[in-house]
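Let's take a walk through this one together. We'll begin with the empty space inside and work outwards from there.

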2 protein chains.
Amino acid sequence: MTGAPPDGTRFVLPDAAARRVEVMAALRSLYHAWGYDLVEVPSLERYDPAHPRANQSFKLSDRDSGVLALRADFTPALAQLVRLTQPAVAGGAVRAIRYQYAGSVWHAIDPELARTREFTQVGIELIGVSNARADAELIHLARESVRTVGLVPRVEVGNPGFVRAAFTGAGVPLGLQAACADAIDRKDRSDLAALLGPLQLEREVAEAVLAIPDLYGGIETLDQARRAVPWAAAHRELDRVAGTLLEFEDDSDLMVDLSMARRLSYYTGLTFRAYTPDFGQPLLGGGRYDGSLLPAAAGFSIGLERLMRAVARVAPSSEPPPRVLSLDDPAARALRRAGVRVVRSLSTEVAAARVEAVERGVPYLLVAGRIDSLGQPDADLSELEAILHESGEAARD
Amino acid sequence: MTGAPPDGTRFVLPDAAARRVEVMAALRSLYHAWGYDLVEVPSLERYDPAHPRANQSFKLSDRDSGVLALRADFTPALAQLVRLTQPAVAGGAVRAIRYQYAGSVWHAIDPELARTREFTQVGIELIGVSNARADAELIHLARESVRTVGLVPRVEVGNPGFVRAAFTGAGVPLGLQAACADAIDRKDRSDLAALLGPLQLEREVAEAVLAIPDLYGGIETLDQARRAVPWAAAHRELDRVAGTLLEFEDDSDLMVDLSMARRLSYYTGLTFRAYTPDFGQPLLGGGRYDGSLLPAAAGFSIGLERLMRAVARVAPSSEPPPRVLSLDDPAARALRRAGVRVVRSLSTEVAAARVEAVERGVPYLLVAGRIDSLGQPDADLSELEAILHESGEAARD
């Protein structure tokens with residue numbers, strides 16, 4: 001193996017890797033506190049052309065002439081896990097199952113687009129219950145996920161069902177709905193107008209649909225939508241959003257975005273995305289997909305690489321070098337027991353160890369029970385000496 | 001996607017997944033305290049027929065008609081990382097680089113052998129220095145890895161260089177060495193005798209080689225080997241083992257196994273395997289492979305699935321269910337802040353929540369600032385009530 005890693009893959013160096021572990025541990029612990037159980041799913045799957053991301057999968061030939069695919073998404077694998085281990089819930093029984101996951105996914109997209117093809121997803125699924133309390137829990141945890149890594153959250157809540165109901169009310173033909181939804185999701189009013197033009201809708205009807213890309217803002221957006229879009233079925237979908245937002249005692253950092261219309265045929269209830277100020281791309285996205293893979297299921301997933309870019313902007317760099325370079329194994333052990341990071345010198349010569357410490361930026365050298373501060377301020381020195389003294393491993397005069 | 005996961009892959013359910021995370025965190029923290037930096041390497045690699053595990057790789061076709069392989073081993077990828085980021089060390093400069101890693105590897109072995117094809121490796125590499133101190137550090141950390149997960153260690157240290165030197169001394173032809181080494185490694189004296197037979201070696205020479213499978217035991221094994229195997233080059237290899245063992249103030253749980261001869265052409269210095277009593281298979285294996293991928297490099301890797309089986313034997317099961325099922329969000333938050341695992345009921349009816357708590361084995365129900373112990377002993381109840389009281393979220397009478 002020579003040269004750089006394959007296009008769209010990369011090495012993660014110590015500083016970044018330490019941070020990723022820290023962020024993943026913080027998220028894991030948040031979800032754990034709320035009762036989400038960690039599970040692991042295989043990264044090799046049987047290739048299934050009906051998989052929602054089948055056209056993005058890396059395929060592998062297996063020995064038995066079967067075709068495997070690398071995991072492109074966690075949701076289908078988690079649904080399979082529920083079908084295997086909780087068949088009653090997979091058959092429609094109401095029972096809350098809470099899972100969390102973290103791991104790699106692979107998308108076989110064109111490497112010339114210079115995008116990542118191997119990345120890390122962290123997320124949760126709340127399966128077996130479909131109601132406003134469940135949706136509110138996920139939206140709250142989306143917000144907390146952003147907060148827990150030290151970022152200011154903004155969570156936008158939408159409902160593709162509202163867009164679907166408006167299309168039905170306006171008489172937008174099924175074949176045109178995906179394109180119109182896409183234009184709405186991109187908030188591209190002129191593209192939407194061009195798509196609707198040939199339909200020769202009544203003016204009020206066309207205006208109702210053309211209003212959707214602007215239905216974005218605080219909770220008052222729901223009233224605005226009620227006035228702009230007249231159909232009763234669409235109003236019922238607004239009631240679902242209102243009902244979920246009512247679950248929050250604290251709705252700070254929540255926004256309504258009724259133009260959210262991505263994956264219209266997959267999501268069946270509320271959808272949401274979380275952002276942080278001055279970082280354009282969403283940090284996580286999710287929603288309810290009842291009936292797609294399981295009778296009742298909703299969840300969200302975080303793109304870890306993107307989240308780390310956002311985290312790096314507010315808190316650049318991290319891992320300091322080890323604090324002590326040691327030529328004294330018993331004393332080093334005493335320091336490690338006290339939580340100090342100590343690296344051994346592999347030379348036995350003090351002069352060489354001193355050069356090594358300076359080159360690596362390690363501030364202290366430990367030789368024969370003595371700490372040498374190598375010209376650093378002595379504040380920590382006394383702390384390290386106290387540890388050695390207590391352990392009985394300090395040099396005796 | 002339907003049915004069970006592909007052969008050789010599996011789901012990891014909550015109990016086991018929680019344990020895996022715990023064990024991986026303990027190992028990560030051990031290696032970190034010793035100055036090993038975590039790095040991540042891609043799981044997609046360019047397929048290379050010269051890769052030590054090329055014949056075990058899952059292959060994938062890439063869009064640009066290149067061939068990719070799933071990572072079958074961490075060592076080559078880490079060597080590539082060193083070549084890219086530390087070219088001086090890759091060129092022979094002496095500078096200690098310490099890496100740790102954890103992640104999946106995939107072996108495309110025949111699924112009919114019913115073995116795992118996707119598994120998890122955790123390990124460390126100590127690159128850039130080749131001496132007894134470096135070897136001793138790795139062997140010590142192999143022993144500590146087993147201890148840190150709560151098992152009693154036994155680390156066996158060998159030196160394939162000793163076997164190679166004996167073959168040269170005895171005049172075993174190169175073409176026969178791999179088969180003889182394999183017989184020695186399996187401690188199969190009769191197979192070894194059958195292989196040596198046609199060579200018509202002098203009796204003393206044949207007896208020296210036939211003695212190797214039995215050269216196993218405490219440090220006195222080295223003297224025994226010196227008497228049994230006469231060649232000076234072989235004695236120099238015994239000196240290497242002795243020199244490394246001399247580095248230990250505490251050599252408890254260390255054994256010498258001079259019949260260790262696996263991957264004779266790959267390992268160039270000491271090799272070792274760690275075991276725990278009454279568990280036949282090695283928990284980890286490693287050694288020095290100077291010149292194979294980098295001028296100076298040694299390391300070891302742990303098969304996490306096997307380690308977890310050994311851990312499960314001494315400490316079966318783990319994760320308790322969440323402690324509290326809640327219908328009171330503000331009070332639940334106060335408990336979570338105090339480290340209590342609290343799951344929300346998605347029903348709003350107390351009777352339904354009570355049934356849910358009993359069914360899930362959750363011992364306490366939280367409703368309107370009151371903790372209901374559901375018939376459990378009340379020891380913890382007062383602790384939970386104290387948390388709520390302090391936070392001001394307890395029910396007021």
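**A look inside**

The largest cavity holds about 1200 Å³ of space. Keep in mind as we go that this is a predicted model. That cavity has company, too: the structure holds seven cavities of 30 Å³ or more.

So who sits around the largest one? Its lining counts 50 residues, and those closest to the centre are A:Ala102, A:Gly103, B:Met24, B:Ala102 and B:Gly103. As you can see from that list, both chains take part. Turning to secondary structure, the elements that give two or more residues to the lining are α1 (14–33), β5 (97–106) and β6 (118–127) of chain A, along with α1 (14–33), β5 (97–106) and β6 (118–127) of chain B. The most generous of them is β5(B), which gives six residues. As for chemistry, the lining of the largest cavity is made up of 26 nonpolar, ten polar and 14 charged residues.

With both chains around that cavity, let's ask how they are arranged. Two copies of a chain are related by a rotation about an axis and a shift along it. Here, a turn of 180° with a shift of 0.0 Å along the axis lays chain A on chain B with an RMSD of 0.1 Å. The two copies are thus related as by a two-fold rotation axis. If you want to find that axis in the viewer, go to A:Leu60: its C-alpha lies 2.7 Å from the axis, the closest approach of any residue of chain A. The contact surface tells a matching story: 100% of the interface residues of chain A are also interface residues in chain B, so the copies meet through the same surface.

Now stay with chain A on its own. The domain assignment splits chain A into domain 1 (14–314) and domain 2 (324–391). Measuring between C-alpha centres puts these two domains of chain A 50 Å apart.

Last stop, the aromatic rings. Over all chains, the structure holds eleven aromatic pairs. Take A:Tyr31 and A:Phe300: their ring centres are 6.2 Å apart and their planes stand at 70°, so this pair is edge-to-face. The pair also links distant parts of the chain, with A:Tyr31 in helix α1 of chain A and A:Phe300 in strand β12 (residues 297–303) of chain A, 269 residues apart. That brings us back to α1 of chain A, one of the elements that line the largest cavity.

Key. Residues are numbered from 1 along each chain as its sequence is written. Chains are lettered from A and ligands numbered from 1 in the order in which they are written. This is a predicted model: local features need pLDDT of at least 70, side-chain atom pairs count only at pLDDT 80 or more; totals for chains, interfaces and linings use all residues. Side-chain values use heavy atoms; hydrogens and water are left out. Copies are superposed by least squares on the C-alpha atoms of residues with pLDDT of at least 70 in both. Contact means heavy atoms within 4.5 Å. On a 1 Å grid over the protein atoms alone, a cavity is a set of points where a 1.4 Å probe fits but cannot get out, and a pocket is an open set with protein on both sides within 12 Å along at least five of seven lines; lining residues have an atom within 4 Å of a point. Grid points are joined across faces, edges and corners, and a volume is the space filled by probe spheres set on the points. Helices (H or I, at least four residues) and strands (E, at least two) are DSSP runs, numbered from the N terminus. Ala, Val, Leu, Ile, Met, Phe, Trp, Tyr, Cys and Pro count as nonpolar, Asp, Glu, Lys and Arg as charged, and the others, Gly among them, as polar. Domain bounds come from an automatic or database domain assignment. Rings of Phe, Tyr and Trp (its six-membered ring) pair if their centres lie within 6.5 Å; planes under 30 degrees apart count as stacked, over 60 as edge-to-face and the rest as tilted.
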